[in-house]
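Let's take a walk through this model together, beginning at one residue and widening the view from there. Please have the sequence and the coordinates open as you read.

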Amino acid sequence: DKYDWEGMASAQLNGVDRSQKVVIYGTWNSIFLRFSHMLGFEDALCAMYEEPEACYDMMSAITDYKCRLVDYIYKYFKPDIITNYDDVCTERGPFMSPETYRKLIKPMHKRFNDAVKSYGILPSQHCCGKCEELIPDFIDEGAVCWEAAQPTNDIEKILDTYGDRFVVVGGYDTNGTPGQENATDDIIKAEVKRMMDAYASKGSFIPMGFLLSSDPDPMAFVKNMLRIAGYVEELKNNYNYKK
């Protein structure tokens, strides 16, 4: 309540043409991540197995707080999209069993997304790693899209199966050689072409990628994303997008 929401919104939205730009508000460290940070990662995962009722209560309290934040986000930012940043997967699969996810985390994501939708804002789910088996759950939770999709998932199958209900954002191999900060222009261009050839004509796809960066300047990360976006722009007219 004491935070300077008005000042932050004024600074961040200064000069933004809302008729031309999509405004996305990101809830960094959302429900599962906040839970795991508070307990420590290993203890959090053990607790989900050993004391699921207590974990449910704790995640519910975190969700109460996150839903309260949505009231302020709407009042001062009125974003088009709110992204729920909650990485629940590794490169090989979820940190927990799908059953545990559905018992402890899915109800919280749904409640948060319901709060977002109550203001007419679109909810987006962020999850790195291999989460393809959770895509139906993301849809059930009310998310309209998933980012940042990495090719450890079968993105083509996901688009074919769920593309009429769900948008996939990503596709770039951020974990492989193309995602390293020393990736050359030729490597980046080849990965962008692979990504666009595989996914672009299917529809319900927004290409996006990034490179790792050790540069302390946060704009270095943004500049690398813009490099990728520039190559996407060069290729985008080569594909017949589904409506």
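Start at Ser 124: apart from neighbours within four places in sequence, its contacts are Ile 81, Ile 82, Thr 83, Asn 84, Cys 145 and Glu 147, where contact means heavy atoms within 4.5 Å. Ser 124 sits in strand β3, and with a relative accessible area of 2% it counts as buried. On this scale, buried means under 20% relative accessible area, exposed means over 50%, and partly exposed lies in between, with a 1.4 Å probe and protein chains only.

Before going further, a word on what you are looking at: this is a predicted model, in which local features need pLDDT of at least 70, side-chain atom pairs count only at pLDDT 80 or more, and totals for chains, interfaces and linings use all residues. Residues are numbered from 1 along each chain as its sequence is written, while side-chain values use heavy atoms, with hydrogens and water left out.

Now follow the strand that holds Ser 124. Strand β3 covers residues 122-126, and four of its five residues are buried. One of its partners is β2 (residues 81-85), which pairs with β3 in the parallel sense over five bridges; two strands are said to pair if DSSP finds at least two bridges between them. You can find this pairing at Ile 81, whose bridge partner in β3 is Leu 122.

β3 also runs parallel to β4, and three bridges join the two. Here His 126 stands opposite Glu 147 in β4. Strand β4 spans residues 145-149 and is mostly covered, with five of its five residues buried. Do pause at Glu 147 once more, as the peptide bond from Glu 147 to Ala 148 is cis, with omega near 0 degrees. Ala 148 belongs to β4 as well.

Two loop residues deserve a visit next. Asn 29 has a positive phi, near 55 degrees, though it is a residue other than glycine. You will find Asn 29 in the loop between β1 (24-27) and α2 (31-39), and its relative accessibility of 29% makes it partly exposed. Ser 204 is not a glycine either, and its phi is positive at about 55 degrees. The loop that holds Ser 204 runs between α8 (185-199) and β6 (205-208); at a relative accessible area of 27%, Ser 204 is partly exposed.

Finally, step back to the whole chain. The protein has nine helices and six strands, where helices (H or I, at least four residues) and strands (E, at least two) are DSSP runs numbered from the N terminus. Its C-alpha trace spans about 50 × 40 × 40 Å along the principal axes. The radius of gyration is 19 Å, which agrees with the value near 18 Å for a compact globule of 243 residues; this radius is taken over C-alpha atoms, and the globule rule is 2.2 Å times the number of residues to the power 0.38.

Buried residues make up 45% of the 243. Of the contacts between residues at least 6 apart in sequence, 66% join residues at least 24 apart. The accessible surface comes to about 13000 Å², and carbon and sulfur atoms account for 51% of it; such areas come from the Shrake-Rupley method with a 1.4 Å probe, and for residues only the protein chains shown count as cover.
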